[in-house]
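Thank you all for coming; I would like to take a few minutes to walk through a structure that may be new to you. Please keep the picture in view while I talk.

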Amino acid sequence: MKLITAVVRPERVQQVKEALFQAGISGLTLTKVSGHGGEQEVIEHYRGTRVMVEFHEKVEFKMAVSEPFVEAAIAAIQKGARTGEVGDGKIFVQTLDHVIRIRTGEQDNAALTPVTETAKTPVTV
């Protein structure tokens, strides 16, 4: 089991999300973050004052996946996030020792598999 964390451009969120869903990865968490990597510092003007933007807005994806999905997740993130420009982001892969699904108590790989609730009868209006 691995925890995959990807930091990407905010304008690429939809493409990354779609690529992950196509790869069969639907359990993920998104967080707005800011950081500094290889991008150049930007000077902006705000109310007549020069302001140096040192940190750039990014989006962080986090997902716990079983071993068969690790390479698929990495490939999907790269496919969705890559523009070829400095600032496309980074992917971090960490080993997970233990995962527990709170609702059912399932553990490790069983806790990572998609949950499908029983189909409910559609409501007609």
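I will begin with the chain as a whole, then go to the core, then to a pocket, and end with two individual residues.

Before anything else, please keep in mind that what you see is a predicted model. The chain has three helices and six strands, and if you read along the sequence you will meet them in the pattern β-α-β-β-β-β-α-β-α. There are 125 residues in the chain, and buried residues make up 30% of them. The accessible surface comes to about 8900 Å², and 53% of that belongs to carbon and sulfur atoms. As for how the chain meets itself, if we take the contacts with a separation of 6 or more, residues 24 or more positions apart account for 71% of them.

Let us now turn to the interior. Which residues have the most contacts inside the largest nonpolar core? This core has 18 residues, and those with the most contacts inside it are I4, V8, V16, L20, F61, M63 and I77. At least two core residues are supplied by each of β1 (2-8), α1 (13-22), β5 (56-65) and α2 (67-81), and the largest share, six residues, comes from α2.

Two residues may help to make this part of the picture concrete. If we leave aside its neighbours within four places in sequence, L20 is in contact with I25, L28, F61, M63, A73, A76 and I77. One of those partners, A73, has its place in helix α2. Is A73 buried or exposed? Its relative accessible area is 0%, so A73 counts as buried. Again setting aside neighbours within four places, A73 is in contact with I4, L20, I25 and M63. A73 and G24 are 49 residues apart in sequence, while their C-alpha atoms are 8.7 Å apart in space.

From the core I move to the second largest pocket, which has a volume of about 230 Å³. It is lined by 15 residues, and the closest to its centre are G37, E39, K58, G89 and K90. The elements that give two or more residues to this lining are β2 (29-35) and β6 (89-95), with the largest share, three residues, coming from β2. What classes of residue make up the lining? Sorted that way, there are three nonpolar, seven polar and five charged residues.

Finally, I would like to point out two residues in loops. G27 is found in the loop between α1 and β2, and its relative accessible area is 49%, so G27 is partly exposed. Not counting residues up to four places away in sequence, G27 touches K62 and M63. The C-alpha atoms of G27 and V65 are separated by 8.6 Å, although these residues are 38 apart along the chain.

The other loop residue is D108, which has its place between β6 and α3 (109-112). Most residues other than glycine have a negative phi. In D108, by contrast, phi is positive, near 55°, and this residue is not a glycine. D108 counts as partly exposed, because its relative accessibility is 26%.

To close, I would suggest taking two places back to your own view of the predicted model: the largest nonpolar core, to which α2 gives six residues, and the second largest pocket, where β2 gives three residues to the lining.

Key: Residues are numbered from 1 along each chain as its sequence is written. This is a predicted model: local features need pLDDT of at least 70, side-chain atom pairs count only at pLDDT 80 or more; totals for chains, interfaces and linings use all residues. Side-chain values use heavy atoms; hydrogens and water are left out. Helices (H or I, at least four residues) and strands (E, at least two) are DSSP runs, numbered from the N terminus. Buried means under 20% relative accessible area, exposed over 50%, partly exposed in between (1.4 Å probe, protein chains only). Contact means heavy atoms within 4.5 Å. Accessible areas come from the Shrake-Rupley method with a 1.4 Å probe; for residues, only the protein chains shown count as cover. A nonpolar core is a set of buried Ala, Val, Leu, Ile, Met, Phe, Trp, Tyr and Cys residues joined through side-chain atoms within 4.5 Å. On a 1 Å grid over the protein atoms alone, a cavity is a set of points where a 1.4 Å probe fits but cannot get out, and a pocket is an open set with protein on both sides within 12 Å along at least five of seven lines; lining residues have an atom within 4 Å of a point. Grid points are joined across faces, edges and corners, and a volume is the space filled by probe spheres set on the points. Ala, Val, Leu, Ile, Met, Phe, Trp, Tyr, Cys and Pro count as nonpolar, Asp, Glu, Lys and Arg as charged, and the others, Gly among them, as polar.
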